[in-house]
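The report below goes through one protein model, beginning with an aromatic residue and its neighbours and moving on to helices, surface and annotation. Please keep the sequence and the structure in view while reading.

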Amino acid sequence: MFERTIAIFLGSVLLGIGINGFIVPFHLLDGGMIGISLLVKYVWGYKIGLTIIILSIPIYLIAWKLERLYFINSIHGLLVSSLIIDLLSPLRGVFSVSVMEGSVIGGLFIGTGIGWMLRHETSTGGTDLIALFLSRWFSINVGMVIFLIDAAVIIAGLYVMGEGILFYSLVTILSVGFATMTMTLIRSINFYRSI
């Protein structure tokens with residue numbers, strides 16, 4: 001339990017640094033609930049973390065009803081990461097990097113934070129929970145569902161923000177995916193070594 005608490009906190013700090021320090025200054029997008037909340041931030045100016053919580057309420061109500069274990073394992077990650085994302089908003093504009101560097105570094109921070117939490121069987125929930133439900137209900141690969149959700153967010157961003165963000169947002173998503181995959185792969189390797 002203590003390790004999971006530390007993982008949630010450290011993962012959330014990494015998310016907050018990646019989002020506020022590197023993604024928001026360039027108006028880049030990520031996929032999933034973070035990407036949707038970034039779009040809301042850019043269009044209406046609402047806080048990212050608070051938006052994540054509000055948009056996640058229906059998903060968590062479904063999780064409470066259908067999969068309480070998913071609800072329990074991810075509600076803490078959702079609340080702590082959302083709070084820390086908003087607390088670290090003063091980091092916007094602190095780092096002097098190019099848009100390409102911001103998209104890669106921000107993506108690596110976000111992916112490492114997500115991967116760190118996944119390694120300790122927790123997450124920020126959001127659209128990942130939707131993907132889990134849809135994959136179970138329709139026998140679709142969960143990775144494919146996450147990819148489709150992320151693609152929908154980027155297409156919406158393209159419509160709202162214009163073509164300028166598309167390439168760099170794709171770089172961000174690839175960096176997030178690489179870091180998340182690396183962190184979870186490390187866990188798998190350590191697990192198999194302990195057998």
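Phe 95 is partly exposed because its relative accessible area is 34%, where buried means under 20% relative accessible area, exposed means over 50%, and partly exposed lies in between, with a 1.4 Å probe and protein chains only as cover. This is a predicted model, in which local features need pLDDT of at least 70 and side-chain atom pairs count only at pLDDT 80 or more, while totals for chains, interfaces and linings use all residues. Residues are numbered from 1 along each chain as its sequence is written, and side-chain values use heavy atoms, with hydrogens and water left out.

Rings of Phe, Tyr and Trp (its six-membered ring) pair if their centres lie within 6.5 Å, and planes under 30 degrees apart count as stacked, over 60 as edge-to-face and the rest as tilted. By this rule there are five aromatic pairs. One of them joins Phe 22 and Phe 95, and this pair is stacked because the ring centres are 4.6 Å apart and the planes lie at 10°. The pair links distant parts of the chain, since Phe 22 belongs to helix H1 (residues 2-23) and Phe 95 to the loop between helix H4 (68-87) and helix H5 (99-119), 73 residues apart. Helices here are DSSP runs (H or I, at least four residues), as are strands (E, at least two), and they are numbered from the N terminus. Phe 22 counts as buried at 5% relative accessibility, whereas Phe 95 is partly exposed. Phe 22 and Phe 95 also form one aromatic cluster together with Phe 109.

How are the rings of Phe 167 and Tyr 168 arranged? Their centres are 5.2 Å apart and their planes lie at 75°, so the pair is edge-to-face. Phe 167 is partly exposed, with a relative accessible area of 49%, and Tyr 168 is partly exposed as well, with 25%.

The loop between H4 and H5 also holds Gly 93, which counts as exposed at 57% relative accessibility. The C-alpha atoms of Gly 93 and Val 80 are separated by 23 Å, although these residues are 13 residues apart along the chain. In helix H5 itself lies Gly 102, which is buried, with a relative accessible area of 0%. Gly 102 and Thr 51 are 51 residues apart in sequence and 23 Å apart in space, C-alpha to C-alpha. Helix H1, in turn, contains Leu 10, a partly exposed residue with a relative accessible area of 38%; from Leu 10 to Leu 129 there are 119 residues in sequence and 21 Å in space, C-alpha to C-alpha.

In the loop between H1 and H2 sits His 27, which has a positive phi of about 55° although it is not a glycine. Most residues other than glycine have a negative phi. His 27 is partly exposed, at 37% relative accessible area.

The expected span of a helix is 1.5 Å times one less than its number of residues. For the 13 residues of helix H2 (residues 32-44) that gives 18 Å, which agrees with the 18 Å between its end C-alpha atoms. H2 is mostly covered, with 10 of its 13 residues buried, among them Gly 32, Lys 41 and Tyr 42. After H2 comes Gly 45, with a positive phi near 85°.

On the surface, Ile 62, Leu 66, Trp 137, Phe 138, Ile 140, Met 144, Phe 147 and Leu 148 make a nonpolar patch of about 830 Å². Helix H3 (48-66), helix H6 (127-138) and helix H7 (142-161) each give two or more residues to this patch, and H7 supplies the largest share, three residues. Leu 66, found in H3, counts as partly exposed at 44% relative accessibility. Such patches are made of residues with over 30% relative accessible area and no salt bridge (a side-chain nitrogen of Lys or Arg within 4 Å of a carboxyl oxygen of Asp or Glu), and nonpolar side chains (Val, Leu, Ile, Met, Phe, Trp, Tyr) are joined within 5 Å, like charges within 9 Å. Accessible areas come from the Shrake-Rupley method with a 1.4 Å probe.

Under "transmembrane region", an unreviewed UniProt entry lists residues 7-24, 44-63, 70-88, 94-118, 138-159 and 165-186; such annotations may be inferred rather than shown by experiment. Two of these spans are compared with the model below.

| Span | Helix | Strand | End C-alpha distance |
|---|---|---|---|
| Residues 7-24 | 94% | 0% | 24 Å |
| Residues 44-63 | 85% | 0% | 28 Å |
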